[in-house]
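Biologist: Hi! Could you walk me through this one while I look at it?
Modeller: Happy to, here it comes.

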Amino acid sequence: MAFTFITFVGFTVLVAVISYLKTKGDDQTTADGYFLAGRGLPGFVIAGSLLLTNLSAEQLVGTNGQTWLVGMSPMAFEIVAAPCCIVLALWAAPRYLKSGITTIPQLIGMRFGRSTKLWFSIAYIILYLVVQIPVILYSGSLVFENIFHVSDMFGITVFQAVVILCILISVVGSIYAIFGGLKAVAVSDTVNGVGLLIGGFMIPFFALHVLGNVSGSEGLAIVDGFKYLIENYPEKLNSIGRLNAEAPEVPWITVFTGLIFLGLQSWCTHQSFIQRVLAAENLKEAQKGALYCAFLKIIGFMYLALPGVIAYALFELQGDQVTMMDSAYPQLVSQVIPAPLMGFFAAVMFGAILSSFNSVLNSVNTMFTMDIYKEYINTEANEEKLVKVGKNVGILFAVATTIVGPMVYFFPAGLKTFLDSFVMLIGLPVLSAVFGGFFFKYLPQYAAKLIMVFHVVCYGGFLLLAPQYPSGGTIHYLYAILVLWPVELLIMAFLNHRNKKAHPEMEAWVQEDVHAVDLTPWKYRKVCAVAIVICCIIVYAAFSPLGFGA
């Protein structure tokens, strides 16, 4: 345990030192310097920060918990992210950088007016503070409880351990997000990203090795472990979900519809993701970052989905009991990782948790400061004042989310399902406002507000009523998204047509180029996009009845 603790602290301190050295001397007194890293991030840093912003313990614990329960179909969340990153690189990034925005609500405000900007800023902030950050804190606490057994160590309950760990993660994460600004977060993400790839890939290989040995391997244990999976659990290796599947299983038809819409919301309009792209030194680097990240997401199934299936086979073979799906991955980790490597893996996990917490907290600070404080509270605030307000409000938000975080313990449906279903309550109207605003040039100012009200009522009603399939079971939330987004775009198309007809003198909305950065695109962007799509098809074919699945 002492060696584990030393290696954990050692790697964590190393990341902090590198982040400090890389940001030492940077100008943190301006809004661009603090919130957008001075608009100077290169492609590889953007890729690493995007990956680590997305990957946290709720991904590692949640998705592997889902695959332990229902098989490989939840890997769709990882694979579908890749084409969504293509849309970010080729379509969204050029438009965002052209406007020189700091936040997504700012873009919505440019298109639909000042009051609409306020609506979406408040909605986003509430979503992050009530849902997203608390889930990040809780999931991180659950991982450390299962690895280090904090409750046993101090003779307290699991819930009490979760509370203590939530406070620890919040305090350390806030130091990066509040006092270091976006660049400190991005640099630490990049370093932790390397560690995560190493640490994450260790788990399936160690787990297959153990599975091979337990199942009576006579050759190379890792190969025999995978053979054992293919021969005994082909249904678990099948990523093609049933049409009437309940969450967390993913119906196959929603992969190309509802899940794509959810992915576009995450990768093309989610403030904490987009802020990295907005901080790019030019369009070329922004596109590199998004496309590099797409490749990293494709291989993510190996540590975000496959370990859950291995855990199912291993626990069944050993006769082990798992009380809830969010415990499957931590229990697997504690069984298969050699003791000398446990500290490094814990540090990598800690970095992933901190990254998501840092990123979302930094984004909340940015939206409150730039979209609410500067716009409505103190319009005369100078750059230094805005940075000071961002830091102060960050402390308040960190405290608030630390209080809410442990409460996620009482949601039995699972971390990932809870987060993915609730985030679309606000996420989809944002997607409609951004994409619809660019597609339709004659929309009235109230269009985005109308869509938000329509969506919250319809989707909120769906979540509350939990309608059933005719054959039984709750209808998957991705079906609701599948229906609602096209309907919302149709409503916007109707409003666009009616407004243009009623006001023939109206000029089409034209996006202004503020010349914030160089907009020359990366020459290899299309080649990379084609390669990414081919890789997605290969992975899906492998985990289907055409490959390992049945």
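Biologist: Thanks! I keep clicking on Gln-287: is Gln-287 buried or exposed?
Modeller: Gln-287 is buried, because its relative accessibility is 2%, below the 20% cut-off. Keep in mind that this is a predicted model.

Biologist: Noted. Which helix is Gln-287 in?
Modeller: Gln-287 belongs to helix α16, which covers residues 283-298.

Biologist: And what does its side chain do in there?
Modeller: A polar atom of the Gln-287 side chain lies 2.8 Å from the backbone nitrogen of Trp-522. Leaving out residues up to four places away in sequence, Gln-287 touches Ala-89, Leu-90, Pro-94, Pro-521, Trp-522 and Arg-525.

Biologist: How does α6 pack against α16?
Modeller: The angle between α6 and α16 is about 170 degrees, and their axes are 8 Å apart. That angle is why α6 counts as roughly antiparallel to α16. On the α6 side the contact includes Ala-89, Leu-90 and Pro-94, and on the α16 side Gln-287 and Lys-297 are among the residues involved.

Biologist: Does α6 have another partner I should look at? Which way does α6 run relative to α15?
Modeller: α6 is roughly perpendicular to α15. Helix α6 (residues 81-99) meets helix α15 (residues 271-278) at an angle of about 75 degrees, with the axes 10 Å apart. Leu-88, Ala-93, Tyr-96 and Leu-97 of α6 make that contact with Ile-274, Val-277 and Leu-278 of α15.

Biologist: Tyr-96 caught my eye. What does Tyr-96 touch?
Modeller: Not counting residues up to four places away in sequence, its contacts are Ile-101, Ile-104, Leu-107, Cys-268, Thr-269, Ile-274, Leu-278, Val-434 and Phe-438. Tyr-96 is also among the residues that touch the most other members of the largest nonpolar core, along with Met-75, Phe-144, Leu-229, Val-434 and Ile-481.

Biologist: How many residues are in that largest nonpolar core?
Modeller: The core has 178 residues. Helix α20 (residues 339-377) gives the largest share of it, 20 residues.

Biologist: Switching to charges. How many salt bridges are there?
Modeller: There are six salt bridges in the structure. One of them joins Glu-78 and Lys-297, with the closest N and O atoms 2.4 Å apart. Glu-78 sits in helix α5 (residues 76-79) and Lys-297 in helix α16, so this pair links distant parts of the chain, 219 residues apart.

Biologist: Are Glu-78 and Lys-297 buried or exposed?
Modeller: Glu-78 is buried, at a relative accessible area of 1%. Lys-297 is buried too, and its relative accessible area is 1%.

Biologist: Anything else charged in α16?
Modeller: Yes, the side chains of Glu-285 and Lys-288 form a salt bridge, 3.3 Å from N to O. Both are in helix α16, three residues apart, which is about one turn of the helix. Glu-285 and Lys-288 are both buried.

Biologist: OK, and what about Arg-114? Which residue does Arg-114 meet in a salt bridge?
Modeller: That would be Glu-375, at 2.9 Å from N to O. Glu-375 is in helix α20 and Arg-114 is in helix α8 (residues 114-148), 261 residues apart along the chain. Arg-114 counts as partly exposed because its relative accessible area is 46%, and Glu-375 is partly exposed as well, at 22%.

Biologist: Which residues are linked with them in a network of salt bridges?
Modeller: Lys-117 and Asp-371 join Arg-114 and Glu-375 in that network.

Technical notes: Residues are numbered from 1 along each chain as its sequence is written. This is a predicted model: local features need pLDDT of at least 70, side-chain atom pairs count only at pLDDT 80 or more; totals for chains, interfaces and linings use all residues. Side-chain values use heavy atoms; hydrogens and water are left out. A nonpolar core is a set of buried Ala, Val, Leu, Ile, Met, Phe, Trp, Tyr and Cys residues joined through side-chain atoms within 4.5 Å. Buried means under 20% relative accessible area, exposed over 50%, partly exposed in between (1.4 Å probe, protein chains only). Helices (H or I, at least four residues) and strands (E, at least two) are DSSP runs, numbered from the N terminus. Contact means heavy atoms within 4.5 Å. A polar contact is a pair of N or O atoms within 3.5 Å; within protein, one must be able to donate a hydrogen and the other to accept it, and residues adjacent in sequence count only if both atoms are side-chain atoms. A salt bridge is a side-chain nitrogen of Lys or Arg within 4 Å of a carboxyl oxygen of Asp or Glu. Axes are lines fitted to C-alpha atoms, for helices over the stretch in contact, and angles run from 0 to 180 degrees between N-to-C directions. Angles under 35 degrees count as roughly parallel, over 145 as roughly antiparallel, 65 to 115 as roughly perpendicular and the rest as oblique.
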